[in-house]
Amino acid sequence: MRKFEDTYRHMGLRKKLVELLRSKGIQNEAVLEAINKIPRHYFLDSAFDEVAYEDRAFPITAGQTISQPYTVAYQTQLLDVKPFQRVLEIGTGSAYQASVLAELGVQVFTIERQKSLFEATKQFTFLRKYPNIKFFYGDGFEGLPTYGPFDRVLITAAAPFIPPKLVEQMKPGGIMVIPAGEGDIQVMKRIIKQEDGSIKEETYDKFSFVPMLEGKNG
């Protein structure tokens, strides 16, 4: 079984990463501090240990990726979470993004459609540090109606459209952050659910995500 170590060297590399993210426009200090606290190298194969704190995505199981730290910080900053809020995350992946949210003191409900990734998170002992993350195997387009409504919804895959069931599961005043669009490039959008149930869309920068797919794969 892999033995995890977080050395002074790793901590130094994290500090450099945080400074880089700050220089790229991430201003939310709570988000930067969460990234500074989490050993990203734990979420990658040990072969990536030397490069784990570079600002880029890496492959993980099931043809998925662990997102670039800038992307994680950018989405989290846009989500504008407050402690104790209920956050629905679509696409657990490596669970790095879920851990960043958990460090911010929210209740995370995260769905993964890839059975192998869902099973891997159950074996990942580091995640026991976060009892405020609940993991689900399922179809992200369906959400978790039993556990809603949610204050925030975060989608970590390229969505071909804004999933109506996820909008339904948002509280009035709730926020969804979603990379919208098919093809290689998506536009990051922030969807705000108004008190009357209508939605307001804000458009931000361009990113590239793996596609959000319907159904379960397992």
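Guide: Between two helix axes, angles under 35 degrees count as roughly parallel, over 145 as roughly antiparallel, 65 to 115 as roughly perpendicular, and the rest as oblique. This is a predicted model: local features need pLDDT of at least 70, side-chain atom pairs count only at pLDDT 80 or more, and totals for chains, interfaces and linings use all residues. Residues are numbered from 1 along each chain as its sequence is written, and side-chain values use heavy atoms, with hydrogens and water left out.

Visitor: Which residue does the UniProt annotation "active site" cover?
Guide: The entry is unreviewed. UniProt positions follow the numbering used here, feature names are shortened, and annotations may be inferred rather than shown by experiment. The residue covered is Ser67.

Visitor: Where is Ser67?
Guide: Helices (H or I, at least four residues) and strands (E, at least two) are DSSP runs, numbered from the N terminus. Ser67 lies in the loop between strand S2 (65-66) and helix H3 (69-79).

Visitor: Is Ser67 buried or exposed, or in between?
Guide: Buried means under 20% relative accessible area, exposed over 50%, and partly exposed in between (1.4 Å probe, protein chains only). Ser67 has 22% relative accessibility, so it counts as partly exposed.

Visitor: How do H3 and helix H4 lie to each other?
Guide: Axes are lines fitted to C-alpha atoms, for helices over the stretch in contact, and angles run from 0 to 180 degrees between N-to-C directions. The axes of H3 and H4 (residues 96-103) come within 11 Å and cross at roughly 40 degrees. H3 and H4 are therefore oblique.

Visitor: Which residues of H4 make the contact with H3?
Guide: Contact means heavy atoms within 4.5 Å. H3 brings Val72, Gln75, Thr76 and Leu79. H4 brings Tyr96, Gln97, Val100 and Leu101.

Visitor: How many residues of H4 are buried?
Guide: Among them are Tyr96, Val100 and Leu101. H4 is largely enclosed by the rest of the structure, because its buried residues number 7 of the 8.

Visitor: At what angle do helix H2 and H4 pack?
Guide: H2 covers residues 29-37. H2 and H4 are oblique to each other. Their axes are 9 Å apart, at an angle of about 120 degrees.

Visitor: Which residues in H4 do those of H2 meet?
Guide: H2 offers Ala34, Ile35 and Lys37. In H4 they meet Tyr96, Val100 and Glu103.

Visitor: How far apart in space are Lys129 and Pro163?
Guide: Lys129 is in the loop between helix H5 (115-123) and strand S5 (133-137). Lys129 and Pro163 are 34 residues apart in sequence. In space, C-alpha to C-alpha, they are apart by 31 Å.
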